[in-house]
Amino acid sequence: MNFPSSSTPLTQPEPRGLLGFMRRHPLRCYFFLAYAVSWLGWLPLVLSQNGLGLLSFHLPFIAILGGALGPIGAGFLMTAITSGKAGVRQLLRRFLLWRVGVQWYLFALLGIPALMVVGVSPIPPGMLAEFRVSALFSTLLQYVGLFVVQFFISPLAEEPGWRGFALPRLQEGYGPLKGTLLLGLLWGCWHFPLFLMPGYDGAGTGLLDVALPFGAFVVSAVAMAIIITWVFNQTRGSLLLVMMVHAATDSFPLASLFPPAAGINNHIVMIGLVGFGCFALVLLAATRGKLGYQSRPSVPLPAGESFTFAKRS
């Protein structure tokens, strides 16, 4: 896998050693650090009775936060190394980039849940007929509460890295489609250790009971990455909107509207796969694979950072 490399201006001396390597290969180092920090942080949870059972103790599920900080930590560290204080300030400013048009807030808050509802239709026969109109108001109230909490968990821990650091560089180096597909694959695979814990998004205990839900999850993550890239490009790289889309995906209580989905996590994964997958295909066709990306990137890289990369296909 050949990631773009960064090159420093001729007016500056080429750094040596580990720091120089990290500046020359920012994406390679970012993904290595994000994976390493997260997988090591999740290791006690995976080895405990919650997962593989190799250790004798149980851990509270909140221990998952021990590994969730890999993407944000790697993102800020690599930004500081490659772009200095100016790059960190630019990254922080994108958390506050809110003047993007009300339609993007509506899409994040209501469009994502709508796609999940649409995704219900081909899932187990009879699921759609179980829609509870009477639960709509209470579901929306529950959704608001979960959204506020969830916004400061997974989206905050992940998006400054995946979309804040990696996506602009992947789009610049590979183009929006190839860059997004690569990011979506790596984003999905980053979750693999969690699927070694029975019950996580439909994971079981056997090989197939882990492989099938994990494979569906990765495909769903790729589809979601396509949608997020589109939102990212259309909102000038707003991390606020990207985090809102992510939070809506994680927090909408679909089972409150469709009781048969309660406790059937693999159905939730399939619902996301169908709903997000179909919309991702529509976006690819409508934008011809550009996903709103302009010839001049909507998020310019900090001064002094550029890429050399292979010819795009």
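Is arginine 288 buried or exposed? I will start there and work inwards. One caution before the answer: this is a predicted model, and everything I say is computed from it.

Arginine 288 has a relative accessible area of 77%, so it counts as exposed, the cut-off being over 50%. You will find arginine 288 in the loop between α12, residues 265–287, and β2, residues 306–308. Its backbone deserves a look too: phi is near 55°, a positive value in a residue that is not glycine. As background, most residues other than glycine have a negative phi.

Leucine 291 sits in that loop between α12 and β2 as well. Leucine 291 also has a positive phi, about 55°, and is not a glycine either. Its accessibility is another matter: leucine 291 is at 0% relative accessibility, so it counts as buried. If you check backbone torsions in this loop, arginine 288 and leucine 291 are two residues to look at.

Now the overall layout. The chain has 12 helices and 2 strands. Reading from the N terminus, the order is one β, then the run of α elements, then a β to finish. Of the 313 residues, 51% count as buried. For contacts with a separation of 6 or more, 79% are between residues 24 or more positions apart. One long-range example, by C-alpha distance: serine 138 and leucine 257 are 119 residues apart along the chain, and their C-alpha atoms are separated by 9.5 Å. Serine 138 belongs to helix α6, residues 136–151, and is partly exposed, at 43% relative accessible area.

Next, the core. The largest nonpolar core holds 76 residues, and the members that touch the most others are Tyr30, Phe31 and Ile112. Helix α9, residues 207–234, supplies the largest share of this core, with 14 residues.

What does tyrosine 30 contact beyond its neighbours within four places in sequence? The list is Pro71, Ala74, Gly75, Met78, Gly161, Trp162, Phe165 and Ala166. Two of those names, Trp162 and Phe165, come back in an aromatic cluster, where they join Tyr30, Phe31, Trp42 and Trp190.

In total there are 20 aromatic pairs. Take tryptophan 162 with tryptophan 190: the ring centres are 5.5 Å apart and the planes are at 80°, so this pair is edge-to-face. The two residues are 28 positions apart, with tryptophan 162 in helix α7, residues 154–174, and tryptophan 190 in the loop between α8 and α9. Both tryptophan 162 and tryptophan 190 are buried.

Staying in α7, look at glutamate 159. Is this glutamate buried or exposed? It counts as buried, at 0% relative accessibility. Its side chain makes a polar contact with the side chain of arginine 163, at 2.7 Å. Leaving out residues up to four places away in sequence, glutamate 159 touches Ser154, Gly164, Trp187, Ile228, Leu239, Val242, Met243 and His246.

Trp187 from that list is among the buried residues of α8, which also include Pro176, Leu182, Leu183 and Leu186. The cover over the buried residues of α8 includes α2, α7, α9 and α10.

Last, two helices to compare with their expected lengths. Helix α8 has 14 residues and reaches 20 Å from first C-alpha to last, close to the 20 Å expected at 1.5 Å a residue.

Helix α4, residues 70–93, does not come out that way. A straight helix of 24 residues would span 34 Å, and α4 spans only 21 Å between its end C-alpha atoms. Where does α4 bend? The bend is at serine 83, and it is about 130°. Serine 83 has a relative accessible area of 15%, so it counts as buried, the limit being under 20%. The side chain of serine 83 makes a polar contact with that of its neighbour threonine 82, at 3.3 Å.

To recap: α4 bends by about 130° at serine 83, glutamate 159 is buried at 0% relative accessibility, and arginine 288 is exposed at 77%. That is where I will stop.

Conventions
Residues are numbered from 1 along each chain as its sequence is written. This is a predicted model: local features need pLDDT of at least 70, side-chain atom pairs count only at pLDDT 80 or more; totals for chains, interfaces and linings use all residues. Side-chain values use heavy atoms; hydrogens and water are left out. A nonpolar core is a set of buried Ala, Val, Leu, Ile, Met, Phe, Trp, Tyr and Cys residues joined through side-chain atoms within 4.5 Å. Buried means under 20% relative accessible area, exposed over 50%, partly exposed in between (1.4 Å probe, protein chains only). Helices (H or I, at least four residues) and strands (E, at least two) are DSSP runs, numbered from the N terminus. Contact means heavy atoms within 4.5 Å. The expected span of a helix is 1.5 Å times one less than its number of residues. The bend at a residue is the angle between axes fitted to the seven residues ending there and the seven starting there. A polar contact is a pair of N or O atoms within 3.5 Å; within protein, one must be able to donate a hydrogen and the other to accept it, and residues adjacent in sequence count only if both atoms are side-chain atoms. Rings of Phe, Tyr and Trp (its six-membered ring) pair if their centres lie within 6.5 Å; planes under 30 degrees apart count as stacked, over 60 as edge-to-face and the rest as tilted.
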